[in-house]
Amino acid sequence: MDIQTLRAKRISEAIETSGYSYNDLEKLTGFSKSSLQRYATGETKKIPIDCIEKIADVTNTSARYLLGWDDKKTNNDVEGLTKHYDNIKPIKLKRFPMLGEIACGEPIYADEDKESYVMADMDIDADFCLTAKGDSMINARIYDGDIVFIKEMPIVDNGDIAAVIIDDEATLKRFYYDRENNFLQLVAENPKYRPLIYRNEELDQVRVLGKAVYFMSVID
């Protein structure tokens, strides 16, 4: 059974066993009856994560179960712990748009694949993510294949790790800008790479995408 069919089946079963009608669910979740029915039949393939979470809350199931990521139907054990311990909290997920790859080494073209998403903790304060390529940021524990989450901003503080576009190519580096002398250094976290240096009118070819605020590592 493919993942889309499994999700529809689990949503349908959760609704059926909840004892709620679709009219009830419309009021409880804030999503229309027709939308909920399409989710349960599998007619709609892309289901908003906040809708999944609300269906899970109302039907006493877990969002991970409805998404097909876990075979455990409920997360009551975690919910019970969160009521007793302030430093334990459940992870709530949201979709981050994946905008392609970014070089950890020589700059590469940043392919904007806006149809792809990464599911991650909704507490991550980021606007999009990129896949790291290369080894220039390994001393910052960012490895080839890691997913780097970017908070979009036109400028970052000195020492921040920034996603930067250089003549339509993208790279991930430590950012150091001397405003008084109009001098920019993009520094790798690997001594085998020299800093990328830009002065005066050369800065016109550089555009900051944003600050790297989080990453998901592929290394155990």
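How many helices and how many strands does the chain have? The chain has six helices and 10 strands, where helices (H or I, at least four residues) and strands (E, at least two) are DSSP runs numbered from the N terminus. This is a predicted model, in which local features need pLDDT of at least 70 and side-chain atom pairs count only at pLDDT 80 or more, while totals for chains, interfaces and linings use all residues. Residues are numbered from 1 along each chain as its sequence is written, and side-chain values use heavy atoms, with hydrogens and water left out.

**Exercise 1. Describe how helix α2 and helix α3 meet, and which residues make the contact.**

Step one is the geometry: the axes of α2 (residues 22–29) and α3 (residues 33–41) come within 9 Å and cross at roughly 110°, the axes being lines fitted to C-alpha atoms, for helices over the stretch in contact, with angles running from 0 to 180 degrees between N-to-C directions.
Step two is the class of that angle: α2 and α3 are therefore roughly perpendicular to each other, given that angles under 35 degrees count as roughly parallel, over 145 as roughly antiparallel, 65 to 115 as roughly perpendicular and the rest as oblique.
Step three is the list of residues: α2 contributes Tyr22, Asn23, Leu25, Glu26 and Thr29, and α3 contributes Lys33, Leu36, Gln37 and Ala40, where contact means heavy atoms within 4.5 Å.
Step four is their chemistry: the residues of this contact of α2 with α3 divide into four nonpolar, three polar and two charged, with Ala, Val, Leu, Ile, Met, Phe, Trp, Tyr, Cys and Pro counted as nonpolar, Asp, Glu, Lys and Arg as charged, and the others, Gly among them, as polar.

**Exercise 2. Work out the pairing of strands β4, β5 and β10, and place Lys211 in that setting.**

Begin with β4 (residues 128–134) and β5 (residues 147–152), which pair in the antiparallel sense over four bridges; two strands pair if DSSP finds at least two bridges between them. Cys129 stands opposite Phe149 in β5.
Continue with β5 and β10 (residues 206–216), whose antiparallel pairing runs over six bridges, and in which Ile150 has Ala212 of β10 as its bridge partner.
Then turn to Lys211, whose place is in strand β10. Lys211 is partly exposed at a relative accessible area of 28%, since buried means under 20% relative accessible area, exposed over 50%, and partly exposed in between (1.4 Å probe, protein chains only).
Finally, leaving aside its neighbours within four places in sequence, Lys211 is in contact with Phe149, Ile150, Lys151, Met153, Val156, Asp160 and Ile161. Lys211 and Val164, 47 residues apart in sequence, are 9.1 Å apart in space, C-alpha to C-alpha.

**Exercise 3. Which face of strand β9 is covered, and what lies in the loop after β9?**

The covered face of β9 (residues 196–199) consists of Leu196 and Tyr198, and the uncovered face of Ile197 and Arg199. Strand β8 (residues 183–187) pairs with β9 in the antiparallel sense over four bridges, with Phe183 standing opposite Arg199.
The loop between β9 and β10 holds Asn200, which has a positive phi of about 50° although it is not a glycine. Most residues other than glycine have a negative phi. Asn200 is partly exposed, with a relative accessible area of 40%.
Glu202 is found in that loop between β9 and β10 as well, and is partly exposed at 34%. Glu202 and Phe183 are 19 residues apart in sequence and 9.3 Å apart in space, C-alpha to C-alpha.

**Exercise 4. Identify the buried residues of helix α4, and describe the residue that follows α4.**

In α4 (residues 49–59), the buried residues are Ile49, Cys51, Ile52, Glu53, Ile55, Ala56 and Thr59. Cys51 counts as buried because its relative accessibility is 0%.
After α4 comes Asn60, with a positive phi near 60°, although Asn60 is not a glycine. Asn60 lies in the loop between α4 and α5 (63–67) and, at 43% relative accessibility, counts as partly exposed.

**Exercise 5. How many disulfides does a search of the whole structure find?**

The search finds zero disulfides, a disulfide being a pair of cysteine sulfur atoms within 2.5 Å. Cys129, at 0% relative accessibility, counts as buried.
For the whole chain, buried residues make up 39% of the 220 residues, and residues 24 or more positions apart account for 59% of the contacts with a separation of 6 or more.
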